[in-house]
There are 2 protein chains.
Amino acid sequence: MITIEIKAPYLIFVGTETNPTEAKTGAGMFEWRPELCKGQLALEGGGLPINLPIMSIAEAKEAGVKSLIIGTAAIGGAIPEQWLDTLEEALMAGIDIVAGVHKRLNQIERLSAAALKSGAELIDVRVPPEDLPVGTGKKRTGKRILMVGTDCAVGKKYTALALEKDMKKAAMNVDFRASGQTGIMIAGKGIPIDAVVADFISGAAELLSPDNTDDHWDVIEGQGGIFHPGYSGVSMGLLVGSQPDAFVVCHDAGRTHIGGWDDFPLPSIEDVIERTISIGRQTNPDIRCVGVSINSSVLDEGQRLEYLRDLSARLNLPCVDPLKGGTGVIVERIKAEFPSSIL
Amino acid sequence: MITIEIKAPYLIFVGTETNPTEAKTGAGMFEWRPELCKGQLALEGGGLPINLPIMSIAEAKEAGVKSLIIGTAAIGGAIPEQWLDTLEEALMAGIDIVAGVHKRLNQIERLSAAALKSGAELIDVRVPPEDLPVGTGKKRTGKRILMVGTDCAVGKKYTALALEKDMKKAAMNVDFRASGQTGIMIAGKGIPIDAVVADFISGAAELLSPDNTDDHWDVIEGQGGIFHPGYSGVSMGLLVGSQPDAFVVCHDAGRTHIGGWDDFPLPSIEDVIERTISIGRQTNPDIRCVGVSINSSVLDEGQRLEYLRDLSARLNLPCVDPLKGGTGVIVERIKAEFPSSIL
């Protein structure tokens, strides 16, 4: 498979950051893949309040670390000058550097020189693999569930990771498939679908969830929104190439308009379900919605319970806020709808 | 506007080719833009049977030629070694070279060196402009008509060029807008939409048909097909970004399945109309179909007339083969549907 691949275990680099909200990539990697994180590396004054020891490059090397993950964003998305000594030291110790920053790592001379010398790799999760194919539309084996959104930034990645965790707990055979940069860092592989050349969107999506055993589920991170004035082409290609058996609609309870596109009212959840099924049928005639995931941070607990109950009655679907109690009822629905996919 | 731009007038380079079907870019430029073509340049034994004088680089320079257009494809899509003397001579005479070949022109050392020395440009119509924006979805002034297809290669570019010609004949204010490489060469500008990074498809489509006067029509070349298993993301982004007032469905009467994707039956023209309206309404609530363009090359004349008559009755739309009698009835429909857009 020609997706980006990151070697585990990881050392999370957080610079001088101390706040997990600011260093959300690093904090997210520890939240979702603690077993792959050996330690965190901070500059003077930095360090996240998470259960990962602060390590030097030498200690990380000793502990078997294969990749240093840049887990925090600097102002402007660049690599600050004062990080370079540390990053160079890591490369010279044979540790790969992984980042999703705006400037490409291999355009920073000290880093490309050190990588060339040591053989360690510079992995830029915003750069798609080369020579992607055009989508074939051919049916693949195994099962797939795609996150789709009423908008961008409504919890598609979080929902996919929560579903993966809860499906694993239910003894299902499952893999999270990342289609965006933070997801790729967490999964250790994937393709940044929004950075792919237009002709190859669905081909890249096909690579992301290859043939698998009949009992296997790919939980695919969504991108954009099928009604989005800027990004619907990405969402369309990802949907067609993913050929999902099932999908979950992700929605933010506080949103009325497309974020940043204030002239565009948000589509209803029903609209998103209808269009996703209509388009998805081309590559999977059995596609169906199995639940709704709500970011309910604008609601208090009483409001949230009422909102989820009303929505569930209206749509006849399990509706959850994955942050408050997980995705268990959606997992139950998946098992009920696809009994042959259970081990 | 940051689209590709080609300087007229042109010298059409045809290598050793003598057959207009093989040199279809060169022949197409002369067919649709004869007023911009000063001559053709052939190597020993070459030359198209069209009404364009064979010219040397020196004669072309003398005649005011600004761009040499590579109007024929070589085997494998490369630039053959034996073309380089001529191309270098053109560059040194200050004439730009324009091509849509697989290997980038600026990666051919003799050409990039000559261009650097003379200041002439190497223009690769398969390379989109840099720094494209994300689509805003904002309503633009002027009118737009988009070609959409039941498949790729069903005559979308030809139909758009025929419509432009017939609308001009009807004294309408109109411009062909090219979204693919051959179209860009013919139009002298445009953006190769299928080569744009996924996030910017609809943003690029917005640039392609900018604000204009109320009586002005952009006739936009389509790409792919909204039901295509490989390219529907491109078609979706182009549709959303083009915000067309009207569209024409292009179809090949002899096709039953998506070309090259034999497991996929072709969508019906009705399906394409319905989905195009459903998606197009997001950025233009008044979108409507104004006609159907048929490539009827598999039918004899009697069959063609019957086919077009039946189709027209079934859809209640003007249906034409633009190669056999033009697009006049579609132009009439546009004028009837949009009376305020007539001068």
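Me: What makes the strands S8-S10-S7-S11-S14-S15 of chain B an open sheet, and which are its edge strands?
Reply: In this predicted model, the six strands follow that order with parallel pairing, where strands are DSSP runs of E with at least two residues, helices are runs of H or I with at least four, and both are numbered from the N terminus. Strand S8 (173-177) and strand S15 (319-320) of chain B each pair on one side only, and these are the edge strands.

Me: How do you know that S8(B) and strand S10 (residues 216-220) of chain B pair?
Reply: Pairing requires that DSSP finds at least two bridges between two strands; five bridges join S8(B) to S10(B), which run parallel, so the two strands count as paired. Within S10(B), Trp217(B) stands opposite Val174(B).

Me: Why is chain A called as compact as a globular protein of its length?
Reply: The radius of gyration, taken over C-alpha atoms, is set against the globule rule of 2.2 Å times the number of residues to the power 0.38. Chain A has a value of 20 Å, close to the 20 Å which the rule gives for 343 residues, so the description applies.

Me: What makes a residue of chain A buried, and what percentage of the 343 residues is buried?
Reply: A residue is buried if 20 or more other C-beta atoms, placed from the backbone, lie within 10 Å of its own, exposed if 12 or fewer do, and partly exposed in between; buried residues make up 55% of the 343 in chain A.

Numbering starts from 1 along each chain as its sequence is written, with chains lettered from A and ligands numbered from 1 in the order in which they are written. Because the model is predicted, local features need pLDDT of at least 70 and side-chain atom pairs count only at pLDDT 80 or more, whereas totals for chains, interfaces and linings use all residues.
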